[in-house]
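Trainee: Please pick one part of this structure and take me through it closely. I'd also like to see how that part sits among its surroundings.

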2 protein chains.
Amino acid sequence: MVKFRPMAMNKPLNKKFSDLAETMKPSAIRMLLRVTDTPDIISFGGGLPNPDSFPLDEVREIFEEQLKINGKRMLQYGATEGLKTLNIALAKRMKEKENINCSPDEIIQTTGSQEALYMLGKIFANPGEYVISEAPTYTGTITALRASNIRMIGVPMDHDGMIMEKLRETLKKYPNPRFIYVIPNFQNPTGITMSYERRKELLEIASENDLIILEDDPYGNLRFSGEHIPSLKSMDKEGNVVYLGTFSKVLAPGFRLGYVIASKDVIEKLNLAKQALDLASSTISEYIAEGYVTKGYMERQIPKIVSLYRHKRDLMIESFEKYFPEDVEFTRPNGGMFIWVTKKGANTDKLFTKAMEMKVAYVIGSAFYPDEDNHESMRLNFTYSSDENIIEGVKRLSEVLKRYS
Amino acid sequence: MVKFRPMAMNKPLNKKFSDLAETMKPSAIRMLLRVTDTPDIISFGGGLPNPDSFPLDEVREIFEEQLKINGKRMLQYGATEGLKTLNIALAKRMKEKENINCSPDEIIQTTGSQEALYMLGKIFANPGEYVISEAPTYTGTITALRASNIRMIGVPMDHDGMIMEKLRETLKKYPNPRFIYVIPNFQNPTGITMSYERRKELLEIASENDLIILEDDPYGNLRFSGEHIPSLKSMDKEGNVVYLGTFSKVLAPGFRLGYVIASKDVIEKLNLAKQALDLASSTISEYIAEGYVTKGYMERQIPKIVSLYRHKRDLMIESFEKYFPEDVEFTRPNGGMFIWVTKKGANTDKLFTKAMEMKVAYVIGSAFYPDEDNHESMRLNFTYSSDENIIEGVKRLSEVLKRYS
C-alpha cells in the first residue's frame, strides 16, 4: 500500500490553450444571466420554458413503465442516431402534423438542438467560410458557428420575416453561403413569423442558387393565434431543406433532446460527427420521449402549454400598452417565447445597468447580431415569469425607458 | 388554410459537405459492430457494461424521489458546468476515495467522457498539431481528436504500461506535444495498468518538459485483484494533470455523464466550449447521479459490479488456458473490461472474416493504433457476454486461431 500520497493541485494551464480557446469568450447573454440570477430581480432575460408546462405526472408514469419493460436497454449505450422506435414515432408524427415526409433513417437525435447546430456547421462549412441568417438571430447559433470559425452574414427582417429583396442583394455580395439559417416560426429573438409568401420565395431563391436551408423550428408547436403556416421542409420539392426540431419546448429541456430531419447522406455525416462528439444521446431521455409521443401525451400537453403561454403573452402585451412610453415599439408574436422591444435612438446595452438598479432584466439586442452592431432593441421572455412579475417587471422597465432614454 | 401542400423530399446534399465532412469515415469498430449485431453471433467486440450491473431499483427509487423534491428543476435547463450538488458530492468522493483535492468549481459535467475528450482536444490543440498517447489507445479518443485534425503519436507499452524510455525518445522527435493522453488503470484496449514507478516517472517527465497529462480513468473503480495504485492526479504536485471520470461504468452509460477535474481556467474554457456544443448535460441524469453518490448507493454497487466482472474475467482467462493454441499471448487485467490477445505473425484484420464465419466477433487490433499499423492483436470484452457464451466464444475463436493463422 502506497502511503503519504502528495495532494493533487490544480494550477492554471492557460499558457497551454489552443488558438480557438484563446478566442472563446463568455457570451454576453450568459454573463448577463449570471448577474440577473438573484431572487429580487425580475428577469425577462432567460429563454426558459415555464416549469408549470412540464408534464411531471406523465414523465413519472412513462419512466416507471419504460424502466419496467426496457430497463436494461434504457440504461445501456444507445445507437448514435437515436432510439429506433423514437425515430419511427417522430417520422409518423411529422407526416401527420407537419406534412413532412421522412423515413426513420432520415432522422438523428441530438443532445439538444445546440448539438445539431454545432454539427451542421461542422459538416457544411469550412473554417473562415460564411453562412446567411436573419438579423437578429439566435445567440446559440452564433456561438455554435463561431466555435468553428464560421462567419454569419445577417439579412434584415420586417414583420413578415427575412426580407427577400435584401436576401437577393446579400447573395450578390456573398454569392456562395454554405447555407441559409432561418427560424421561420416565432423567431428567437423577435417573435416574428415568416409569411407563406416569403417562405415560397425563400425556397425559390434556394433553388435558383442551389443553396441549403437550415430550418430551425423549436417553437412551431407553440402557436397561440393566427393560422398555421406550413414549414419550409413540407413545402420543399427539391430537398434543399434540413429541418431541426426539439423536445425542449414541448416536453422539457432537461432531457437534452433535439433532432434533425435530412437526407440519409447528411444523417450519416451527422452520425459520424456525433460519434466524435458524444457517441449518443441519453437513452433514458429517448425512451421517455418515445413514450411521450406514442402514448399521445405530447398532443395532449401542447394545448396546455399553448394556453399558459398565450395568457402570459397577452398579459405582457397588455402591460406594455398600459405602461410603456408611446415611442416604444414591440412585436406581437403569434407563438413562441419572446417579444422584441425597440426604442429608436436608445442604447439597450447602456440601459441595462439602469434596469438592474431597478431590479428588472432583459437581454440586450446586440447579443443577437453576429456583428453586435444594433443597440436599439431588447429581447423579453414572457413564458417564465409569474403573472405578478410580468406586470411589475414591465412597470419597472417602463420607468427605465422613460427616465434614461 | 393552405391546402395541397407539396410533399417534402430529402435529396442527397453530399456535394455541399465541408472538407472535414469529406474526411469523416465510419470507424472500423463501428462498422464491425454493425456486422456483429445479429443474435447467433457471440460478440466480444462491443465495449458494453453488463446490464446485470445496472442498479435498476436504486435508479427507480432515486428518480421518484428527485422528481418529487426537485421535479421542476430536474426537467429545466441546467448549468453548463453541471448540477452544483453533484459537483460538491463528487469533489467530496474524489478526496475520500482517490485522495484528489479539488473544489466543486474545478469540476465540469460532460455528455459522457467522449464529449470531454472532444473538448479537451479543441481547447488544448490547434488543427495539425500533435499529442502523445499509449499505442494502442482508445478508439473514441482517436475519433475525437481526428475530428479536430489533431495527430496522435503512439508510444509503445509493456506490461507496466507506457514505456518511459520510449516516451523520452518520442519527445526528442516530437518535443512539443499539446498533451500526453493515458489510461493508467486497466487500459482500453489492453487491460494493462501503469505501475506506480511508471506513474512517478511520467509525472517527472511532464514536469521536466512542462507538459499536460490527460488522465482518462473510466475503469479505476473496477479493480478485481492486485493493489490500488494512486491516480496520476492524486500524485501530481505541480498541477499538470487533467483528470477524466465517468458514470458510465459505475452507474450506467445511458445517462451520458462524464466529468473533468482540472484548474478553474481549464474548466472555464470547457464551459465555453460546451455552451457551443450542447449548452448543458441532462439535468435528469445529473439529479439521478447526485442521488446515487450522496445516498451511498454507488459505493454499495461498485463491489457488486467488481464481483460480476471478476468472475467473467476469470472465466475468460480459464477458457483461454483451456482452448487457445500455445503461441497465443494474452494480458491478465486486474480490472476493467478488456483483454488484449496477440498472436505473433497473425493478421487479425484478415482473421475477422473467418471468425464471422465461425460466429464469433472481436475488435481488430489495428483499430486502436492511430496509424492502424499493427495487425497481430485483437481486443476482447469479457463483461458483456453470458458465462456460456464466454466459454463457447473462446472455443470458436480458438478454432479460428488454430486453423487460419
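Mentor: Let's start with what pairing means: two strands pair if DSSP finds at least two bridges between them. Helices and strands themselves are DSSP runs, H or I over at least four residues for a helix and E over at least two for a strand, numbered from the N terminus. A bit of bookkeeping: residues count from 1 along each chain as its sequence is written, while chains are lettered from A and ligands numbered from 1 in the order of writing. Bear in mind that this is a predicted model, where local features need pLDDT of at least 70 and side-chain atom pairs count only at pLDDT 80 or more, though totals for chains, interfaces and linings use all residues.

Our part is a sheet. In chain B, four strands form an open sheet in the order β10-β11-β14-β13, with antiparallel pairing. β10 (328–330) and β13 (363–364) of chain B sit at the edges with a single partner strand each, so each has one side without a neighbour in the sheet. Further in, β11 (residues 338–343) and β14 (residues 377–381) of chain B are joined by five bridges, antiparallel. One spot to click on is B:V341, which faces B:M378 in β14(B).

Chain A gives us a view of β14 too. There, β11(A) and β14(A) run antiparallel and share five bridges, and A:T342 has A:S377 in β14(A) as its bridge partner. Strand β13 (residues 363–364) of chain A is antiparallel to β14(A) as well, with two bridges; here A:I364 is partnered by A:M378. β14(A) is mostly covered, with five of its five residues buried (20 or more other C-beta atoms within 10 Å of a residue's own; exposed is 12 or fewer, partly exposed in between, with C-beta atoms placed from the backbone). A:S377, A:R379 and A:N381 point one way from β14(A), while A:M378 and A:L380 point the other way. That fits a general habit: in a regular strand the side chains alternate between the two faces of the sheet.

Now zoom out. An automatic or database assignment splits chain A into domain 1 (14–54 + 301–404) and domain 2 (56–298). Their centres, taken over C-alpha atoms, are 24 Å apart. Where they meet, 26 residues of domain 1 of chain A are in contact (C-beta atoms, placed from the backbone, within 7 Å) with 30 residues of domain 2 of chain A. On the domain 1 side, α12 (297–323) and β11 (338–343) of chain A each supply at least two residues. α12(A) gives the largest share of that side, seven residues.

For a comparison strand, try β9 (residues 257–261) of chain B. Five of the five residues in β9(B) are buried: B:L257, B:Y259 and B:I261 point one way, B:G258 and B:V260 the other. Strand β2 (residues 107–111) of chain B pairs antiparallel with β9(B) over five bridges, and B:I108 stands opposite B:V260. Strand β8 (residues 241–246) of chain B is also antiparallel to β9(B), over four bridges, with B:T246 partnered by B:G258. B:V260 turns up again in the largest nonpolar core (buried Ala, Val, Leu, Ile, Met, Phe, Trp, Tyr and Cys residues joined through C-beta atoms within 7 Å). Of its 242 residues, A:I213, A:V260, B:I213 and B:V260 touch the most other members.

Last, the two chains. A rotation of 180° with 0.0 Å of shift along its axis superposes chain A on chain B, RMSD 0.0 Å (least squares on C-alpha atoms of residues with pLDDT of at least 70 in both). The two copies are thus related as by a two-fold rotation axis. Contacts link 87 residues of chain A with 87 residues of chain B. Among the elements of chain A that each supply at least two residues to its side are α3 (56–75) and α10 (264–277). And 100% of the interface residues of chain A are also interface residues in chain B, so the copies meet through the same surface.

Key
Contact = placed C-beta atoms within 7 Å.
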